[in-house]
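Q: Hey, can you walk me through this structure?

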Amino acid sequence: MLFVLNADSPLTDKELDLAVRMREQAPELPIHFLLSKMDRIPDSQDAMDLLDETQSRVHTYFPKAKVFAFSAYYESESQLKDLAVFIRSMMDGRDRKEERTAKVLYYVKKSIKFLLEKRVEMENSLIDTIKWNEEMVTKLKGANNQLSDMEEEKVRTIKKSYSQIKDKMRQDLEKKIPELLRNCSEMVTEDSDFGKIHTELNDEMNNRVHEYIEETVLPDFHVSIQEWIAESEGEFRSSQAYLDEMSESFNELYGEEKISLACDFRVLDDWRRDADRMTRGSVQLEKANILNRFSPSQFLLKSAGKLLGAIQQNKAMLHNKYKQFIEHEDYSEIAESITNKFMQQFELFEKSLERDIKMFFRNPFDVLNHTVEETYTDIADNKEALSDMRKNPEIYQDPLTLFDLKLRQFEWMTSAGEKVKEYR
């Protein structure tokens, strides 16, 4: 090796340290020094002194090293010849074939050792990988359980919130419908046609119920369900934020963007469409049979109206009887019937909520389950590879043993012939 020095500051502590470390790593490697830029020292005596001083310091650490001074002031052709002689002198007395043989033997030995160590390293790597994957399965299953708990909690919270809105609407209807029906008594006057009044009243009662539902119940419910959807979206956003943190944690462990636990927010769009469908437009309800039922009191009253309604003296009595009947009739059964029919679509929507919420969380479940299955496959593959390595170690070791044997033979041959020293 030719180590180039600068005449301005020859063999600094840093350069000396570097040269010493080279010698430690390659003890048999000869190191020589070239002192360059001597032209920066104009005085020849100073140049000679610098060369002597540099040689003295170099020989303190490298006794066999040679030092050559190089200057641009020298005659170029002569200087190049001197440099060529210097370089040839570095090579004199060295048996290249001997060095080459020694180095080949040395690196063959290093390679065999490396391959044996690599075999152990591969086995340990498989063991570590299996253990790491088993730990990841535990973490993934734990995340799956957390996701299940989250899903159940959201189903419970969101359904409960919707049920409260729906139940309030039912209570309002069952309370308000009887009141609306009783207020229809104001239609009955002494001039009414008591032979047909029950039909007119039945139509008016249905109209008032429909009007109340369209103008009061549905607008109120529309506002409430929009607020409920907004609250549900907040619940979903908080769940997604938690799952994003979980994804980030797993990806840090994997060292790549392997897991993305993205939920399906299209569920909210479906809910908004269903809410508009249920609360917009006219109410599609069959006309209820309120005053045309076959109860004894209604039958007698309608019969009396038909028989006595034509007689003027009886109209006052029929007027009072009809008003009393309408104002004191028990409408709870008919109110419940109308409410049940009206509430069917809202109850069907409620029954679909759990399915929709599960759809929202379906992709995270699929990702976690797929990753668990993939990890189990990796564990099985690595265990099989480890088993094969332990079952047939000779497949790997026998060729290396043969190489080692041949290496020993060459070492004995070279030692016996005194051709080369053992390179250590």
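Below we chat about the sheet and then some helix packing.

A: Sure. Heads-up: this is a predicted model, where local features need pLDDT of at least 70, side-chain atom pairs count only at pLDDT 80 or more, and totals for chains, interfaces and linings use all residues. Residues are numbered from 1 along each chain as its sequence is written, and side-chain values use heavy atoms, leaving out hydrogens and water.

Q: What order do the strands of the open sheet come in?

A: β1-β2-β3, with parallel pairing. Strands are DSSP runs of E, at least two residues, and helices are runs of H or I, at least four, numbered from the N terminus. Two strands pair if DSSP finds at least two bridges between them.

Q: Which ones are the edge strands?

A: β1 (2–6) and β3 (67–69), since each pairs on one side only.

Q: And how many bridges join β1 to β2?

A: Five, with β2 covering residues 32–36. One bridge puts Asn 6 with Ser 36 of β2.

Q: New topic: at what angle do α6 and α9 pack?

A: About 170°, with the axes of α6 (residues 266–279) and α9 (residues 332–360) 11 Å apart. Axes are lines fitted to C-alpha atoms, for helices over the stretch in contact, and angles run from 0 to 180 degrees between N-to-C directions. So α6 is roughly antiparallel to α9, a label for angles over 145 degrees.

Q: Which residues make the contact?

A: Among them are Trp 271 and Met 278 of α6, and Phe 346 and Leu 353 of α9. Contact means heavy atoms within 4.5 Å.

Definitions and conventions: Parallel < 35°, antiparallel > 145°, perpendicular 65-115°, else oblique.
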